[in-house]
Structure formats: structure tokens, C-alpha cells
Amino acid sequence: GDFQMKDISAVILVGGEGTRLRPLTLHTPKALVPVVNKPLLSYIIEWFKYQHIYNLIFSVCYQPDKLKSVFGSGSKYGVHINYIVEKEPLGTGGAIKKAERFFKNTTIVINGDVLFDLDLASMLNYHRSKKSKITIALTPVEDPTAYGLVKIDKSGRIIGFLEKPTWDEVGRQRNINAGVYIIEPSILKYIKPNKICSLERNIFPELLLKKESFYGFVAKSMYWIDLGTHEKYRQAHQDILEGKLTNTKYFKKFYVNNVAIGVGTKLSKKTELYGPVVIGENCKIENKVTLNEFTVIGNRCHIAENVYLERCIIWDDVIIESGARLTGCIIGKNSHIGSHSSISDGVVLGDNNRIQPYSYL
Ligand code: GTP
């Protein structure tokens, strides 16, 4: 082609407050929420690297120092990261405008809370072949009512948007906005600087009215999930453990009999493991603990005797006392679960919780 991947920059929107993921996002920006023990954003960085894109611009707002201390200049990850920090959230459109000086050429923009294995080279080729000014990656979903539905004509040109449509409005096309965009710098003239503005709600409709060259790229067989809600967060764990996200296959190589155990972790010989299970580093798992499928344990956790865990996501530095039984729950870091407690499906505890023995949640 007439472009080289390494000359393309990517703006990653990570300024959202993550209100729907609370309490998980009270002390941890959404971008740093652990997904199978790695920060969510690290998957996106790895994906860009895999696609040979190394110039990344993080558009951040909440708790920017936490992000900087984890990702720094990006050298640890083999990429180069620039940070743009908003004082007040400007919305997805306003954030892009604030990053305007980085739009020297064709630029990728993505929502920082999606996991996918889109083939970016095909999308870029499509964008060029259509002489598109802005191209949105679309992904078909069964139930589009919680998302932004995007309608295209036969040529792929975008002809309409429906934000969170009702079932009556959903037609044969069920492609939703996957939160990955290819944008030419000329498009930024539609966004006013330093004003709150949503790309999806304010700018896209205007581009349609102005008849800009605006296309949808349907990525048919790609894996895609947005980590907006607790349910999606749990689903993403299950999918990754099952190897559905193809560019995280590297996880699988750590599996021995479907179990990954971090360095420094000590397991009792009487631990029963039914994978897929992932255990972080420097944990201590005591006698007669049962770890059942889709359980992820963070780093430095202590799981005492006779504990039973199934489909649980346990963050770092958690202590679970003897005889506790947890299924389908999420436990924030540095929490302490008293002995013989029972915590059931759907429970989400934030950081630093102290649950008394024999509690029933
Ligand atoms: P909720 O509060 O739960 O809706 O979370 P959110 O705001 O993080 O999610 P939303 O789906 O609204 O945002 C999609 C993506 O855009 C996320 O990756 C956000 O981090 C990002 N984003 C949303 N609003 C802003 C903003 O004002 N500034 C910046 N820089 N990014 C934003």
C-alpha cells in the first residue's frame, strides 16, 4: 500500500469515569482494571504492537498519574506513549479535538474499554479504497438495543445511526459501532475546541448531513466485547480463559492442563484445580482448597483451608479465610473475606472490604 503502519498514530480514549463498573473503578481507572491479572489497557497496547503501530496517544482524564506510573513512556511495552490530560471530561469528540496536533495523517481512534481482534490492515485498505474520510469498525451483535446501531448501504457508506434502538427500530442490519475509527485530519474541523462534545451523538450525525465520505467496515468474524458493565467484565474473563480473543493466545501457552500459576505461588498438594484457572504471583493456596473453572486469582493472595471458589475474579492482595465459599463474584483488591462466609453470583465488592466470618452475601 501507499502507507506504512509504523507512520500511523493511534489515539486511545481512556478518559471515561467508568461509572457502570463502580465500585471497581473507585480507586482504579477503568483502563487499569485488571483483566485476567493484566490492566485492560495493556491488551490494547499489545494489539497495536501486533498491528505494527507504535505511536500511541492516551487521552486521559481521571487519575492520570496512576496511568502514567503503570505505562510511563511505553518503553516497557515497546511502544511510544504520549499523554493528553483533560481537566474536565470533554466527551469523546472534545477529547479527539484536544489531540488534534497528533493528527498529522490518517489516525486511528479507539475506545479504551473494548477488547477485540480486528485486522487493522484490512480496515485501513478498505478506508483507502473507498477514499473514506472517516471509517467506523462495525460488529454484528444479536441484541443491538444497548448499543449504537449503524446502518450502511450496499457500498458500505453509512446512512444512519440509532443510539440504543428499541426492538421495533432494529431491522435486518444489526451492526453496532465497535469503537474503532480511522479518521482523516480534515474531519476535526467539525469539532469545536475545548467544548464538551460526543463523537457518536454530535459529530457523526453532522458528518452525515454534510455528506462527508463516511464508511462502515464490517468486521465479521472478529471477537469483540466492551467492558462497560460487571457482566461484560465477567464475560471477558471467561472468553479470554477459553482462548476466544485470538491475539491473547499467549495466555494459553502458560496453561498446563488449563491452569496457569504465577511465579512464587505456593500450592498445597491437596489443592483441587479444575481449569481454566489462573493464579497470579506469590499467592499461598492452602490445604483442600478447590478452585473451579473460570476462577482468576490476583497476586499475593492468601486462600486458606477448605475454601471453594468457582467463576470468581479475585484482585490482588486478597485474603480468604478458611471454609469460605464464593461463586461468580468479583472481589476488589486488599479485601478480607472472613471464614465460612458464603458469597454468591453477581456480588461485586470494591477494594479494602472486610467481610465478617459467616457472612452471607
Ligand atoms: P461509564 O461511565 O460507565 O459510561 O463509562 P465510560 O465513560 O468509561 O464509558 P463510555 O462508553 O461512555 O466511553 C467510551 C470510551 O471513551 C471509554 O474508553 C472512555 O474512557 C472514553 N471516554 C468517554 N468519555 C470521555 C471523555 O470525556 N474524555 C476522554 N478522554 N475519554 C472519554
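**Notes on the ligand pocket and a few backbone details**

1. Let's start with the big opening. By class, 15 nonpolar, 14 polar and 12 charged residues make up the lining of the largest pocket. Please keep in mind while reading that this is a predicted model. The lining comes to 41 residues, and those nearest the centre of the pocket are Arg20, Thr92, Asn111, Asp113 and Glu200. The space in this largest pocket is about 1,200 Å³.

2. Which elements build that lining? At least two residues each come from β1, α3, β11 (175-183), α5 (199-209) and β13 (224-226). The biggest contribution to the lining of the largest pocket is that of β11, with four residues. If you are colouring the structure by element, these five stretches are a good place to begin.

3. Now for the ligand. Where does the ligand sit? You will find it in the largest pocket. Around the ligand there are 19 residues, with Gly16, Thr19, Ser59, Glu86 and Gly91 the closest. By class, this shell holds five nonpolar, nine polar and five charged residues.

4. Two elements deserve a look here. Both β1 (9-14) and α3 (91-98) give at least two residues to the shell around the ligand. With three residues, α3 has the largest share of that shell. Both β1 and α3 also appear among the elements that supply at least two residues to the lining of the largest pocket.

5. A closer view of the backbone around the ligand may be useful to you. A polar backbone atom of Gly91 lies 2.6 Å from an oxygen atom of the ligand, and Gly91 is also one of the closest residues in the shell. A polar backbone atom of Gly15 is 3.0 Å from a nitrogen atom of the ligand. For Asp113, the distance between a polar backbone atom and an oxygen atom of the ligand is 3.5 Å. On its own the ligand has 610 Å² of accessible area, and the protein covers 81% of this. Asp113 is worth a second glance, as it is also among the residues nearest the centre of the largest pocket.

6. What about enclosed spaces? There are two cavities of 30 Å³ or more. The second largest cavity holds about 40 Å³ of space. Its lining is made of Gly148, Val150, Phe161, Glu163, Asn177, Glu200 and Phe204. By class, the lining of this second largest cavity has three nonpolar, two polar and two charged residues. At least two of its lining residues come from each of β9 (148-152), β10 (158-163) and α5. Glu200 links this point to the first one: it lines the second largest cavity, and it is also among the residues nearest the centre of the largest pocket.

7. Finally, some backbone geometry to check by eye. Most residues other than glycine have a negative phi, and most peptide bonds are trans. The bond that joins Arg22 and Pro23 is a cis peptide bond, with omega about 5°. Pro23 belongs to the loop between β1 and β2 (34-35). Another cis peptide bond runs from Gly275 to Pro276, where omega is near 5°. Here Pro276 is in the loop between β16 (272-273) and β17 (277-279).

8. One more residue goes with that last point. What is the sign of phi at Asn37, positive or negative? It is positive, near 70°, and Asn37 is a residue other than glycine. You can find Asn37 in the loop between β2 and β3 (38-39).

Key. Residues numbered from 1 in each chain as written. Predicted model: local features only at pLDDT ≥ 70, side-chain atom pairs only at ≥ 80, totals over all residues. Heavy atoms only, no water. Near = heavy atom within 4 Å. Polar contact = N/O pair within 3.5 Å; in protein donor to acceptor, adjacent residues only side chain to side chain. Areas by Shrake-Rupley, 256 points an atom, 1.4 Å probe, with all protein chains shown as cover. 1 Å grid on protein atoms, 1.4 Å probe; cavity = no way out; pocket = protein on both sides within 12 Å on 5 of 7 lines; lining within 4 Å. Sits in = over half its atoms within 2 Å of the grid points. Nonpolar A, V, L, I, M, F, W, Y, C, P; charged D, E, K, R; others polar. Points joined across faces, edges and corners; volume = space filled by probe spheres on them.
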